[in-house]
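Visitor: I should like to examine a single residue and then the sheet around it. May we begin once the structure is in view?

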Amino acid sequence: MKPYLYSLIAAFALIISCKNEKKTTPAEAEKELTVLEELAYANGFENWNKVQELKFTFNVDRDTSHFERTWIWKPKINEVTAINAIDTITYLRKDMDSVTHKTNGGFINDKYWLIAPINILWDKNSIDYDHSQNTEAPISKKPMQKLTVVYGSEGGYTPGDAYDFYFGDDYIVKEWVFRKGNQAEPSLTTTWEDYVDMGGLKIAKMHQKEDGSFKLYFTDVAVKTN
């Protein structure tokens, strides 16, 4: 074959190759995360698939009273063990009766306090949310980002409830407000503090009101990973 034919064939092959090569735009190369994803990943969401077991004790001190209960959750099979002063119950969340359904309501509440920044990403299809860049936090009065999450009015254990998350540019929650039934006035406002890293998850062990009259905190936190 003559040299000029080799050149023509090579040029033709290059043109075909360029036409078939998919162009990647900058937006595709680096997809911008939603605020829900930013919060979840800042708190260790990328490590969640490694979690085999999550154990924690949920404590509430209100004035002079104390309440606690312990949970052991195996998320791979969605098995929950509830331990309190009276008894111990183990159940699968996909197969609940009236008793375990009531117990599961407590688990949903306590788990939400423990890993809410991850939980809201799981709940993305059942919430509405609004993000503000510069808002005064209710306790510290510092300027922070604010994410308001409102749950749908049907289904779940607390339909229609709203949460206002306050956080900095690191997407680590510092304060939040719970508003029952999406009412305008706060039902409860607490800090998020005393963070620890457990199995790649960032967990705030302490939540308290500004005057210290209410403290919700976690002890005996343990994460088993594969």
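Guide: This is a predicted model. Our starting point is Arg 179, which has its place in strand 8.

Visitor: Is Arg 179 buried or exposed?

Guide: A residue counts as buried under 20% relative accessible area. Arg 179 has 9% relative accessibility, so Arg 179 is classed as buried.

Visitor: With which side chain does the side chain of Arg 179 make a polar contact?

Guide: Arg 179 touches several residues more than four places away in sequence, including Thr 148, Asp 161 and Glu 185. The polar contact between side chains, at 3.0 Å, is with Asn 182.

Visitor: Which residue is the bridge partner of Ala 162 in strand 8?

Guide: Strand 7 (residues 162-167) and strand 8 (residues 173-179) run antiparallel and are joined by six bridges. Ala 162 is also among the residues that Arg 179 touches. The bridge partner of Ala 162 is Arg 179.

Visitor: Which strands stand at the edges of the sheet?

Guide: The open sheet has five antiparallel strands in the order 5-6-7-8-9. Two of the strands have a single partner strand each, so one side of each lacks a neighbour in the sheet. These edge strands are strand 5 (127-136) and strand 9 (188-191).

Visitor: What angle does the direction of helix 3 make with that of strand 5?

Guide: Neighbouring strands of the sheet are turned by 15 degrees against each other on average, direction ignored. Helix 3 (residues 35-42) packs on this sheet and touches strand 5, strand 6 (143-151), strand 7 and strand 8. With the direction of strand 5, that of helix 3 makes about 75 degrees.

Definitions and conventions
Residues are numbered from 1 along each chain as its sequence is written. This is a predicted model: local features need pLDDT of at least 70, side-chain atom pairs count only at pLDDT 80 or more; totals for chains, interfaces and linings use all residues. Side-chain values use heavy atoms; hydrogens and water are left out. Two strands pair if DSSP finds at least two bridges between them. Helices (H or I, at least four residues) and strands (E, at least two) are DSSP runs, numbered from the N terminus. Axes are lines fitted to C-alpha atoms, for helices over the stretch in contact, and angles run from 0 to 180 degrees between N-to-C directions. Contact means heavy atoms within 4.5 Å. Buried means under 20% relative accessible area, exposed over 50%, partly exposed in between (1.4 Å probe, protein chains only). A polar contact is a pair of N or O atoms within 3.5 Å; within protein, one must be able to donate a hydrogen and the other to accept it, and residues adjacent in sequence count only if both atoms are side-chain atoms.
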